[in-house]
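Work through the exercises below with the coordinates open. Each one gives a task and then a solution in steps.

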Amino acid sequence: MKQKIQAAIVGYGNLGKGVRKAINQSEDIELVAIFTRREPGQLEAGETGVKFEHISAVEQYKGKVDVMILCGGSATDLPEQTPAIARMFNTVDSFDTHAKIPEFFATVDAAAKQGGTLSVISTGWDPGLFSMNRLLAEAILPQGKEYTFWGKGVSQGHSDAIRRVEGIKGGVQYTVPVQEVIEAIRAGETPELTTREKHLRECFVVAEAGADQERIREEIVNMPNYFADYDTTVTFITEEELAAQHSGIPHGGFVIRSGVTGEGTKQIVEFGLKLESNPEFTASVLVAYARAAQRMSQEGQSGARTVFDIPLGMLSPKSPEELRRNLL
């Protein structure tokens, strides 16, 4: 029997908890420890069957962990954590600030080559699976146009933004693709679309007692960088309704490419996701790429990689022979 891949988690929020569940479903991967900035003893008191360590103890696990699965945020955590940890361990992360991926890749690539490790960056579903499908469809249909839609799903960044508005006790925001536009593209149309024409924003808000709801509504719909460029609705609800109807973290979306071959023959490629739990699905992608990172490292490879650089067979616990026999 092959030795199991020894994995560790860095960060134990929604994504880290999802990674733990995904590892539990993977027969070839074993969880060694979870590293956190919080007090490890407090977390261990509420969990069983897992070892928690303070993040300062990471270096002590050199030689004990094959791959570190990094579950921090892209704004401040991963830009620091990934290069630092990549000097010591193989890593996988979900860095998702699209505009900054090239510079992030360069930084991590240098760190991983210095340490002789393999680091898979920016995986998940967008960037990640959606990126792969954009590349695949564009390569097959060079004469065409690509569209990406997100939702219906909870945008955690936008939800945080509305909760910072004065007078709001709680709230959640859903990104909703405009269905009529999607159907037009599926019918072969290739429209030029503005930001406002592709997605709607739906906000469900709990206001504090006595708060000016009209002022709150105006502040949300006119918020720059978040809502001003979208058609946005604000619905006021009770705390009970928020807890009962809006406590999940669903998401999903579509990548559609509409193109032509030959003498104008219409062809459409579509890839879609409908997720009850965004963090649990993202976590499952991270775990698959952790498997690939360890395998590529064992082959002697080092440096940073993206989903574009990794053969799909590397993601599966099955052997190449099994894949050819059962899935090809």
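Strands here are DSSP runs of E with at least two residues, and helices are runs of H or I with at least four, both numbered from the N terminus. The model is predicted.

**Exercise 1.** Locate the cis peptide bond at Lys152 and place the residue among the strands.

Solution.
- Step 1: Check omega from Gly151 to Lys152; the value is near 0 degrees, and the bond is cis.
- Step 2: Assign Lys152 to an element; it sits in the loop that runs between β7 and β8 (153-154).

**Exercise 2.** Find which residue is joined to Asp126 by a cis peptide bond, and state where that residue lies.

Solution.
- Step 1: Asp126 is joined in cis to Pro127, with omega of about 5 degrees.
- Step 2: Pro127 belongs to the loop between β6 (118-120) and α5 (129-140).

**Exercise 3.** Describe the pairing of strand β12 with β7 and with β13.

Solution.
- Step 1: Take β7 (residues 144-150); this strand and β12 are antiparallel and share seven bridges.
- Step 2: Pick one pair from this set: Trp150 has Gly253 of β12 as its bridge partner.
- Step 3: Turn to β13 (residues 265-275); β12 is joined to this strand by eleven bridges, again in the antiparallel sense.
- Step 4: Pick a pair here as well: opposite Phe254 stands Gly272 of β13.
- Step 5: Inspect the connection; β12 and β13 make a hairpin with three residues between them, and Gly262 in the turn has a positive phi of about 55 degrees.

**Exercise 4.** Is β12 (residues 251-261) mostly covered or mostly open?

Solution.
- Step 1: Apply the cut-off: a residue is buried when its relative accessible area is under 20%.
- Step 2: Count along the strand; nine of the eleven residues in β12 are buried, and the strand is mostly covered.

**Exercise 5.** Ser122 and Asn225 have a positive phi without being glycine. For each residue, determine the loop and the exposure class.

Solution.
- Step 1: Read phi for Ser122, which is about 55 degrees.
- Step 2: Place Ser122 in the loop between β6 and α5.
- Step 3: Classify Ser122: its relative accessible area is 5%, so the residue is buried.
- Step 4: Read phi for Asn225, which is about 70 degrees.
- Step 5: Place Asn225 in the loop between α9 (213-221) and β11 (231-236).
- Step 6: Classify Asn225: the cut-off for exposed is over 50%, and its relative accessible area is 74%, so Asn225 is exposed.

Methods. Residues numbered from 1 in each chain as written. Predicted model: local features only at pLDDT ≥ 70, side-chain atom pairs only at ≥ 80, totals over all residues. Heavy atoms only, no water. Buried < 20%, exposed > 50% of the residue type's maximum accessible area, 1.4 Å probe, protein only. Pairing = 2+ DSSP bridges.
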